[in-house]
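Here are some friendly notes to read beside the structure. Each point takes up one place in the chain, so you can go through them with the viewer open.

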Amino acid sequence: GGGETYQERSKGKDVRTSNIVAAKAVANAVRTSLGPRGMDKLLQLPSNEVLISNDGATILSKMKVLHPAGKMLVELSQSQDISAGD
């Protein structure tokens, strides 16, 4: 048959789990900056400059996200910021 092997199913599950972990990490990075009681984030940039912001898109744009799913969420936030202005 054309069924998946255990190894293929296991690898697919590992990829999904990795994607979920990456998405949660990105969300956790900005969660406390959201809403009317959102807190500012203090970021140290590679140039040793310090940036204070509570804008999620700005915070995400300054992060070095390596995971493909995490990068996709950062790009999504940037396109949303452009179209909605927030």
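Helices and strands here are DSSP runs, with at least four residues for a helix (H or I) and at least two for a strand (E), numbered from the N terminus. With that in hand, K64 can be placed in the loop between α2 (56-62) and α3 (68-84). Please keep in mind that this is a predicted model.

1. The loop before α3. Is K64 buried or exposed? K64 counts as exposed, because its relative accessibility is 68% and the cut-off for that word is over 50%. If you would like a distance to check in the viewer, try K64 and V74: ten residues separate them in sequence, and their C-alpha atoms are 9.9 Å apart in space.

2. The strand pair. Strand β1 covers residues 41-44 and strand β2 covers residues 50-53; the two pair in the antiparallel sense, over four bridges. For one of the partners, look at L43, whose bridge partner in β2 is L51.

3. The hairpin turn. Five residues lie between the strands of the β1 and β2 hairpin, and N48 there takes a positive phi near 70°. Why give this residue a second look? Most residues other than glycine have a negative phi. N48 is not a glycine, yet its phi is positive, at about 70°. As for its surroundings, N48 sits in the loop between β1 and β2 and is exposed, because its relative accessible area of 57% is over the 50% cut-off.

4. A nonpolar patch. Which residues form a nonpolar patch on the surface? They are L42, V50 and I52, and together they have about 330 Å² of accessible area. I52 belongs to strand β2, and with 55% relative accessibility I52 counts as exposed.

5. A buried serine in a loop. S33 is found in the loop between α1 (6-31) and β1. Its relative accessible area is 4%, so S33 is buried, the cut-off being under 20%. What does S33 touch, leaving out residues up to four places away in sequence? The list is G38, M39, K41, N54, G56 and I59. There is also a polar atom of the S33 side chain that lies 2.7 Å from the backbone oxygen of V30.

6. A buried serine in a helix. S77 has its place in helix α3. With a relative accessible area of 18%, S77 is buried too, since the word applies to values under 20%. Leaving out residues up to four places away in sequence, S77 touches A57 and L60.

7. A residue in α1. I20 is in helix α1 and counts as partly exposed, at 49% relative accessibility. That label follows because the value falls between the 20% and 50% cut-offs. How far apart are I20 and S47? Their C-alpha atoms are 31 Å apart in space, with the two residues 27 apart in sequence.

Note on methods: Residues are numbered from 1 along each chain as its sequence is written. This is a predicted model: local features need pLDDT of at least 70, side-chain atom pairs count only at pLDDT 80 or more; totals for chains, interfaces and linings use all residues. Side-chain values use heavy atoms; hydrogens and water are left out. Two strands pair if DSSP finds at least two bridges between them. Buried means under 20% relative accessible area, exposed over 50%, partly exposed in between (1.4 Å probe, protein chains only). A polar contact is a pair of N or O atoms within 3.5 Å; within protein, one must be able to donate a hydrogen and the other to accept it, and residues adjacent in sequence count only if both atoms are side-chain atoms. Contact means heavy atoms within 4.5 Å. Patches are made of residues with over 30% relative accessible area and no salt bridge: like charges are joined within 9 Å, nonpolar side chains (Val, Leu, Ile, Met, Phe, Trp, Tyr) within 5 Å. Accessible areas come from the Shrake-Rupley method with a 1.4 Å probe; for residues, only the protein chains shown count as cover. A salt bridge is a side-chain nitrogen of Lys or Arg within 4 Å of a carboxyl oxygen of Asp or Glu.
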